[in-house]
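User: Hello! I would like to go through this model with you, one question at a time.

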Amino acid sequence: MNQTAKKILIVEDDPDIGLTLATILEDEGYVVATTDNGNEVMTDHLADHPPAMIVLDMLLSGWDGREIARRLKAQDATRHIPILMLSAHPSAEQEAKAAGADDFMPKPFELDALLAKIAALLA
Amino acid sequence: MTLTRRERAPGAHVSEGHPSEHVVQFYETDDFLLDSVTEFVSSGLARGDACIVIATPAHRAALEQRLAAGDADLLAAARARDAYIARDAHETLSTFMVDGEPAWERFFAVISNTIARAATGGRRVRVFGEMVALLWAEGNHTAAIRLEELWNDLHDRHVRFSLFCGYPMRSFEGEAYEAPFAAICQQHSQVIPDESYSALTSPDERLAAISMLQQKARSLEAEIAERKAAEERLRISENRYRRLFEASTDGILIVDPDTAVISDANPVMTNLLGYPHEQLLGQPLWHIGLFPDRAATVEALQELQEKQALHREMLQLRTKGGQIRYVELVCNRFRANGHDVIQCNLRDTTDRNAFISMASHELKTPVTSLKSFTQILQRRLRHRADPQTLLFLDRMATQLDKLASLIGDLLDVSKMQTGVLAFRETDVDLYELVRETIENVQAATTTHRLLLEEETPVRIYGDRDRLEQVLINLLTNAIKYSPQADTVIVRLSSDHDHVEVAVQDFGIGIAEQYHERIFDRFYQVTDRRGSTYPGLGIGLYIARTLIERHGGRLWLESHKGAGSIFRCTLPLARRESDALQLIQPSDILSDVPAEAAP
């Protein structure tokens, strides 16, 4: 893999989906960090080693992915980080984009389509 | 001598011979009363009787004028011998009324003195009194009847006198006066009908008049009975409507179509909106959080006017407390009590929607991880595993796709059935959409060539994703059910106000008796050998519902063995003003669960 080890933060509260996402992206050569916790996104993960992009689930327990996106896009320090939002609601794309997500992927997804979107956002 | 109505004083019969002791004269016009009273007084005075007149100033003046006109000396002579005593009715009344009732002691003192004075020298006394009529006119019916009784009591213990009472007939208009009228008549020893009868002179005329009055009374009684029955029916029907209104599980608003002002709201409605009933009444429809502003309300009412009905799903409602609820709105305009009203039924679909969203999330999450794990294994084992393992993984992936698609279809059907299917309508270039969809489906098929004929750009107003879903369904069906063929043709054509998309395959075709049934939910066509076309029914049911919600039609033309053409028509983009939708697409959260909304 000739990726220059870009870091991708995965925010997903279903452990299996989090695991598959991490595996797929690591297989592709990305550096992956995962969390199921919105607070961590806003504090730990953004402070020291901000990711090159974020894969963000829309419906997290306790946190609304759209709220996280809105906050990230409202801050100068994080506004530039591309966000790919995932949701099991196929018609949630407009909501995701309204909240500031750069792209949207409905669940379940094809790996190739997911990777293509990520590559496009990192390009 | 023949007397006409005008020439003869109608009350003349009162004075013929000895007048009855207590006479009541009903009258319609003052003229008639005055003629009658004049006759009563003048004939009395002419006989040497004394007359007491207790009347209103106007009636006293008119009476005296008429007496003078009849015999200039009669009144003067009577006054000279104190045989004509005139009193003001109001003043006299006030001397004996206590707390709205005539007091016997006072009445006796005042009236018996006057009568004694008139009766000087053993004269007969005639009294014309209007005090009862005044009490009656004031609405103090009890006092009027009581005063009549006092006159009768006085008569029983006093010198003989004749009393003449006058009541205008208009004081008794109405069924409610039936009993009091009878009571008045009972107080009198002689009752003289008003001029409509009394003015008639020949017995035959009078008999005819009585017969006509009897007929009129009968028909009035019948009419009253019918009216009461109608009122009762109306009352029952109103009660029934009221019960339905109050007990409805829908929120209901009654709105004036011209002003859009709310005139009624049922309890569910007030709960839903969060406003108390009295605060809702009189409010315009755009003040309650249902429509964003006046313009949107007016536009909705215009649509209602044109189509006679208005239906909105997933309408956003902001409650008084600021909460967002999703409602299904159905408005109908109809006529009630002689004017148009609008009835708006609102059904809160927030919870149903939340349930479907939850089900969607819960069902899709395991499918998502299964599918991803399968795909990771496929990628990792592509060059390492044996062919059978790869085949099994491939089958797993295919089955997971079917499961995912089935979940999507079932959720769509649930939304359609619970009224929470939301559209995001925009201007759509249908040609472009058809072209792209064909391209995408073509990319996933190696067995068929998909051809698009008639390349005409055509704009419609609709939900792009949902229209794409229909096209994908029609195209994949065409491929799936024509395994022997290698071509699917799509034709796009339009006329003045519709566009038609036709998807033609060259497969086995479908016998005519199934042409409608294939659009039923969960229906599968079974051929004689019992083999089925799995998954056909639900997709076509969804496709047809989606097209119909767009105002279009979807149907099949096919013959067994001769391929099939699915034809779908959609209305062309409406005029510009219609593109301004009631709710902007961005306002609708669609099927994102309410609890996930910020």
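Analyst: Happy to help, and one definition comes first: two strands pair if DSSP finds at least two bridges between them. Helices (H or I, at least four residues) and strands (E, at least two) are DSSP runs, numbered from the N terminus. This is a predicted model, in which local features need pLDDT of at least 70, side-chain atom pairs count only at pLDDT 80 or more, and totals for chains, interfaces and linings use all residues. Residues are numbered from 1 along each chain as its sequence is written, while chains are lettered from A and ligands numbered from 1 in the order in which they are written.

User: How many bridges join E9(B) to strand E10 of chain B?

Analyst: Strand E10 covers residues 262-265 of chain B and runs antiparallel to E9(B). Within this pairing, B:Ile254 stands opposite B:Asp264. The number of bridges that join E9(B) and E10(B) is 3.

User: Which residue in E13(B) is the bridge partner of B:Gly251?

Analyst: Strand E13 of chain B spans residues 339-348 and runs antiparallel to E9(B), with 5 bridges joining them. In E13(B), the partner of B:Gly251 is B:Leu346.

User: Which residues of strand E9 in chain B point to the buried face?

Analyst: In a regular strand the side chains alternate between the two faces of the sheet. A residue is buried if 20 or more other C-beta atoms lie within 10 Å of its own, exposed if 12 or fewer, and partly exposed in between, with C-beta atoms placed from the backbone. In E9(B), residues 251-255, B:Ile252 and B:Ile254 point to one face and are not buried. The buried residues on the other face are B:Gly251, B:Leu253 and B:Val255.

User: Which residue in the turn between E9(B) and E10(B) has a positive phi?

Analyst: The two strands form a hairpin with 6 residues between them. The residue in question is not a glycine, yet its phi is about 60°, and with 19 C-beta neighbours inside 10 Å it counts as partly exposed. It is B:Ala260.

User: Is B:Asp99 buried or exposed?

Analyst: B:Asp99 lies in the loop between strand E4 (97-98) and strand E5 (101-102) of chain B. Although not a glycine, B:Asp99 has a positive phi of about 55°. With 6 other C-beta atoms within 10 Å, B:Asp99 is exposed.

User: What word describes how H5(B) lies to H6(B)?

Analyst: The axes of H5 (residues 89-96) and H6 (residues 104-118) of chain B, lines fitted to C-alpha atoms over the stretch in contact, come within 7 Å and cross at roughly 135°. Angles run from 0 to 180 degrees between N-to-C directions; those under 35 degrees count as roughly parallel, over 145 as roughly antiparallel, 65 to 115 as roughly perpendicular and the rest as oblique. The crossing therefore makes H5(B) to H6(B) oblique.

User: Which residues in H6(B) do B:Thr92, B:Thr95 and B:Phe96 meet?

Analyst: Two residues are in contact if their C-beta atoms, placed from the backbone, lie within 7 Å. On the H6(B) side, the residues met are B:Arg106, B:Phe107 and B:Val110.

User: How far apart are the end C-alpha atoms of H18(B)?

Analyst: H18(B) has 17 residues, 464-480. The expected span is 1.5 Å times one less than the number of residues, so H18(B) should span 24 Å. The end C-alpha atoms agree, at 24 Å.

User: Where is A:Pro108, and what is the omega of the peptide bond from A:Lys107?

Analyst: A:Pro108 sits in the loop between strand E5 (103-106) and helix H6 (111-122) of chain A. The peptide bond from A:Lys107 to A:Pro108 is cis, with omega near -10°.
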